[in-house]
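Work through the exercises below with the sequence and the model open. Try each task before you read its solution.

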Amino acid sequence: MEKILFLAHTQADGTLANSALEALGAALALGGELTVGLVGAAVQAAAGQIGGCGAARWLAVEGEPFGHPRYATDASAAEAIARAAGADLVLAAHTSRWARALPGVAVRFEGRVDTHAASIAMVNQVPAVTRWFYRQRMQAVLTRSARPWFVLLDSGCCPAWSGQPGAAVNIERIATDAATRTTVTGLRAPQAGEQTIRPDARLLFVAGAGWTKKQSDGAVHADKAEELILGFLRASRASLGGSKSLVDQGGEGQAVLTCMTHLNQIGQTGSTPRHPKGLSTCCHGEEPHVVGWRFITERRAINLDANCGWARGKADVLYVADAFAVMERLNRLLDA
Ligand SMILES: Cc1cc2nc3c(=O)[nH]c(=O)nc-3n(C[C@H](O)[C@H](O)[C@H](O)COP(=O)(O)OP(=O)(O)OC[C@H]3O[C@@H](n4cnc5c(N)ncnc54)[C@H](O)[C@@H]3O)c2cc1C
């Protein structure tokens, strides 16, 4: 039986993110002996959060230097924990932090790493990983004989572990090298305004370039568009996506939505998020955009054009309507 290590770093508040709980759920579903490895400035809250998961062993690298996302300290912590655990299989959430550090750690072990895994399960008594290729058009099932095997699991693919927080667990704290030439001086977010990308949201709200085009009165209403979109996001806690045409406009000096950056772009050259539902507004629904909706389970769109791309089997429901009017009414209903 494989020795499995579930590796997680804490969030700024010391707890584990939902994506880490999903990776934990996947690790437990494999069966066998599980070691939990935690990294952070302080790990007690995280250990308490998953204390009831039944892990056989708890390891941690703890201290202020390990609270920051930084290659040197993250790799050092992960390596120390993986060596202490003697794991064959190391499972972690595909966070930006682990995606940066764990491939390098795998090299230190002469092991192997697979990122963006969509699932992991025992098949014929060996772990098998599924992974999408060619912009989510083909799925492969991978097994590997090399060990240790580091697997980074994409968020939104597995049910999150939802057991009881446990009583105090016995954590073995491991000392490791915290030396680094990189000093974290602060955090500069790509958006000056509010956070609009919420991977855990139940709804993806997509804004297309139509929001910044001339409307029936012959004028552009970008300010109104932004007010309606942000009002809806605040009330619904949806995640904001954009079409390429819309996010590209900033560089062309056209009317823009200031809440939108290239990070919001959905599609072939953008992201492929996982949300149970999606609502597209003022977006034509062309294939390079809709390919980014691969994992959106229920799709709806609002477009003035009854012949838009969404009408061609890409949406479950198409509302042929003015998105300005629909969103205004929807926001009023949400406010009420
Ligand atoms: C190699 C390649 C890669 C690409 N990658 C991506 C990608 O990753 N993501 C992506 O999005 N695109 C991508 N594109 C571009 C894509 O093909 C489309 O050009 C783009 O998605 C169009 O954006 P849009 O639908 O927002 O804008 P438009 O095509 O301008 O459509 C605007 C829509 O808004 C509607 N509208 C206007 N006013 C209203 C209103 N008041 N109410 C309701 N509807 C209204 C209009 O009817 C229209 O359908 C790629 C293209 C190429 C060639």
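The model is predicted. Begin with the core.

**Exercise 1. Find which residues of the largest nonpolar core touch the most other members.**

Step 1. Take the core as a whole: it has 56 residues.
Step 2. Look for its best-connected members. They are Phe 6 and Leu 91.
Step 3. Ask which helix supplies the most residues. Helix H3, residues 71-85, gives seven.
Step 4. Now follow Phe 6. Leaving out residues up to four places away in sequence, Phe 6 touches Ala 23, Leu 24, Ala 27, Leu 34, Val 36, Gly 37 and Leu 91.
Step 5. Another core lies apart from this one. That other core has 35 residues, including Val 206, Cys 259, Trp 293 and Met 327.

**Exercise 2. Lay out the nine-stranded sheet in order and name its edge strands.**

Step 1. Read across the sheet: S7-S6-S5-S8-S4-S1-S2-S3-S9. The sheet is open, and its pairing is mixed.
Step 2. Pick out the strands that pair on one side only. These are S7 and S9 (171-173).
Step 3. Consider the twist. With direction ignored, neighbouring strands are turned by 35 degrees against each other on average.
Step 4. Add the helices. H1 (residues 18-29) lies across S1, S2, S4, S5 and S8, and runs at about 150 degrees to S4. H4 (residues 96-108) also packs on the sheet, where it touches S1, S4, S5 and S8. The direction of H4 makes about 170 degrees with that of S8.

**Exercise 3. Trace the chain from S5 through S6 to S7 and describe each pairing.**

Step 1. Start with S5 (residues 112-123). S5 pairs with S6 in the antiparallel sense, over six bridges. In this pairing Met 122 stands opposite Pro 127.
Step 2. Stop in the loop between S5 and S6, where Gln 125 is found. Gln 125 is not a glycine, yet its phi is positive, about 65 degrees.
Step 3. Move on to S6 (residues 126-133) and S7. They too pair in the antiparallel sense, over five bridges. Val 129 has Leu 142 in S7 as its bridge partner.
Step 4. Check the turn. S6 and S7 form a hairpin with four residues between them. Tyr 134, in this turn, has a positive phi of about 55 degrees.
Step 5. Test how well S7 (residues 138-142) is covered. None of its five residues is buried, so S7 is hardly covered.
Step 6. Go past S7 into the loop that leads to S8. Pro 148 lies there. A cis peptide bond joins Arg 147 to Pro 148, with omega about 0 degrees.

**Exercise 4. Describe the five-stranded sheet.**

Step 1. Write down the order: S11-S10-S12-S13-S14. This sheet is open, with parallel pairing.
Step 2. Name the edges. S11 (239-242) and S14 (317-320) each pair on one side only.
Step 3. Give the average turn between neighbouring strands. It is 20 degrees, direction ignored.
Step 4. Zoom in on one pair. S12 (residues 277-281) and S13 (residues 298-303) are joined by five bridges. Lys 277 stands opposite Glu 298 in S13.

**Exercise 5. Work out how H5 and H8 meet.**

Step 1. Two numbers describe packed helices: the angle between the axes and the distance between them.
Step 2. Apply this to H5 (residues 222-236) and H8 (residues 323-335). Their axes come within 10 Å and cross at roughly 35 degrees.
Step 3. Give the hand. The crossing is left-handed.
Step 4. List the residues in contact. H5 brings Lys 224, Leu 228, Gly 231, Phe 232, Ala 235 and Ser 236. H8 brings Phe 324, Met 327, Glu 328, Leu 330, Asn 331, Leu 334 and Asp 335.
Step 5. Sort them by class: seven nonpolar, three polar and three charged.

**Exercise 6. Is Cys 282 buried or exposed? Is Gln 125 buried or exposed?**

Step 1. Place Cys 282: it lies in the loop between S12 and H7 (287-290). Its phi is positive, about 50 degrees, although it is not a glycine.
Step 2. Count around Cys 282. It has 25 other C-beta atoms within 10 Å. The cut-off for buried is 20 or more, so Cys 282 is buried.
Step 3. Count around Gln 125. It has 7 C-beta neighbours inside 10 Å. The cut-off for exposed is 12 or fewer, so Gln 125 is exposed.

Methods: Residues are numbered from 1 along each chain as its sequence is written. This is a predicted model: local features need pLDDT of at least 70, side-chain atom pairs count only at pLDDT 80 or more; totals for chains, interfaces and linings use all residues. Helices (H or I, at least four residues) and strands (E, at least two) are DSSP runs, numbered from the N terminus. Two strands pair if DSSP finds at least two bridges between them. A nonpolar core is a set of buried Ala, Val, Leu, Ile, Met, Phe, Trp, Tyr and Cys residues joined through C-beta atoms within 7 Å. Two residues are in contact if their C-beta atoms, placed from the backbone, lie within 7 Å. Axes are lines fitted to C-alpha atoms, for helices over the stretch in contact, and angles run from 0 to 180 degrees between N-to-C directions. A crossing is left-handed if the near helix is turned anticlockwise from the far one by less than a right angle, and right-handed if clockwise. Ala, Val, Leu, Ile, Met, Phe, Trp, Tyr, Cys and Pro count as nonpolar, Asp, Glu, Lys and Arg as charged, and the others, Gly among them, as polar.
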